[in-house]
Amino acid sequence: FWSLSGFDRMRAFSDGLLPWPPLSRLTGMRMSHVDAGSTTWTMPASEWLVGFGGLLDLTLLIETALTGASLTTAPPGSTVIPVTFSVNHFRVPRAARGNIIAHARVVNSSSLFVFTEVQVQDPDGRPLAQGSSQAAVTPVTPPPPPPPSSLRRAEEPVYATPDPYLRPTTVPADIQRALSGGSGGLEVIRNALEGQARSPLADLLGLHDGFIEDETVGMSMPASEWLCCFTREVSPAALAGLANMTGWMGSLTLHPPGHWMAGLDLVVRFHGQALPDGRNLRGSS
């Protein structure tokens, strides 16, 4: 499979020649279109995406769409590893019926790096955010064997229980209403860490062991196989999601009572990869 070009790998996902990766089964993300240098992804705008800010967290969808588009430029025997990732938000994303759509396209590519941008829309077609990423092109080690002569359509496995994003979630705490109604951000975060105001997205990703110590706040996330997407490593989308959620936690601790809060931008720099070996990844802010 690695000996195919990146474009053929993405086409294999799109055409159903491979099962959807674990992160897609976890969140409902699907690639609806792929072309040379571009991909389109959808994800249900469900309450499962509500983070500690009380709003939908689009990080998983945006980073996945960007990396998917970057991969379409990878030559056989190589892959792309995200180096930077940034997002600018235009409006507040909320849970709704329908899908959030991310259109990603490659702006420039070379034998060393790929620069990609993305536009995100809500279920009504209104712009939600734009983002970009820079990814490094690197050879697969060890070199893969020759590609198969053909790929047969894979049947999606069937389980006794629905995929996680299709399961019922508890009604999320209205953190925005609590903030504007007089609760301070530090109080809201303490309630979340004590289990009184859990975030559905934190439950979906398995965040646990929250802490506030020495002016630092954060949580841990297991490096689970559920978080894999295009490779056998934990998806950069999941790492960016952990960074974003802990960033929100840090910001909320300084939030005064009676005010409202919305995110404007996010910048993430990746320094390494994580194996899905079950060990805890700790995010702090």
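1. The largest nonpolar core (a set of buried Ala, Val, Leu, Ile, Met, Phe, Trp, Tyr and Cys residues joined through side-chain atoms within 4.5 Å) holds 70 residues, and those with the most contacts inside it are Phe52, Ile62, Phe85, Val120, Leu205 and Leu207. Helix 7 gives the most to this core, with nine residues; helices (H or I, at least four residues) and strands (E, at least two) are DSSP runs, numbered from the N terminus. In soluble globular proteins, nonpolar side chains tend to be buried together. Buried means under 20% relative accessible area, exposed over 50%, and partly exposed in between, with a 1.4 Å probe and protein chains only.

2. A word on the basis of these points: this is a predicted model, in which local features need pLDDT of at least 70 and side-chain atom pairs count only at pLDDT 80 or more, whereas totals for chains, interfaces and linings use all residues. Residues are numbered from 1 along each chain as its sequence is written, and side-chain values use heavy atoms, with hydrogens and water left out.

3. Leu207, named above among the core residues with the most contacts, touches Phe52, Arg198, Ala202, Met219, Ser220, Met221, Leu242 and Met245, when residues up to four places away in sequence are not counted. Contact here means heavy atoms within 4.5 Å.

4. Helix 3 (residues 59–71) and helix 7 (residues 236–252) have axes that come within 8 Å and cross at roughly 145°, the axes being lines fitted to C-alpha atoms over the stretch in contact, with angles running from 0 to 180 degrees between N-to-C directions. The crossing of these two helices is right-handed; a crossing is given that name if the near helix is turned clockwise from the far one by less than a right angle, and is left-handed if anticlockwise. On the helix 3 side the contact is made by Thr59, Leu60, Glu63 and Thr64, which meet Pro236, Ala237, Ala238, Ala240, Gly241 and Asn244 in helix 7. By class, this contact has five nonpolar, four polar and one charged residues, where Ala, Val, Leu, Ile, Met, Phe, Trp, Tyr, Cys and Pro count as nonpolar, Asp, Glu, Lys and Arg as charged, and the others, Gly among them, as polar.

5. Ser70 also lies in helix 3, and it counts as buried because its relative accessibility is 1%. Its side chain is joined to that of Thr116 by a polar contact of 2.7 Å; such a contact is a pair of N or O atoms within 3.5 Å, of which, within protein, one must be able to donate a hydrogen and the other to accept it, and residues adjacent in sequence count only if both atoms are side-chain atoms. Not counting residues up to four places away in sequence, Ser70 touches Val80, Val106, Val114, Thr116, Ser133 and Ala135.

6. Arg9 deserves a look on the graphics screen: it sits in helix 1 (residues 6–14), and, with a relative accessibility of 3%, it counts as buried. The side chain of Arg9 reaches the backbone oxygen of Ser78 at 2.7 Å, and, leaving aside neighbours within four places in sequence, Arg9 is in contact with residues including Phe1, Trp2, Leu71, Pro75 and Thr79. The C-alpha atoms of Arg9 and Gly68 are separated by 9.8 Å, although these residues are 59 apart along the chain.

7. Asp122 belongs to the loop between strand 5 (113–121) and strand 6 (127–139), and it is buried, with a relative accessible area of 6%. A polar atom of the Asp122 side chain lies 2.9 Å from the backbone nitrogen of Asp124, while the side chain of Asp122 also makes a polar contact of 2.7 Å with the side chain of Arg126. Beyond its neighbours within four places in sequence, Asp122 is in contact with Arg91, Asn99 and Leu128.

8. Two points of backbone geometry may be worth checking by eye. A cis peptide bond, with omega of about -5°, joins Thr141 and Pro142, and Pro142 is found in the loop between strand 6 and helix 4 (175–180). Asp209, which is not a glycine, nevertheless has a positive phi of about 55°; Asp209 is found in strand 7 (residues 208–213) and is exposed, with a relative accessible area of 53%.
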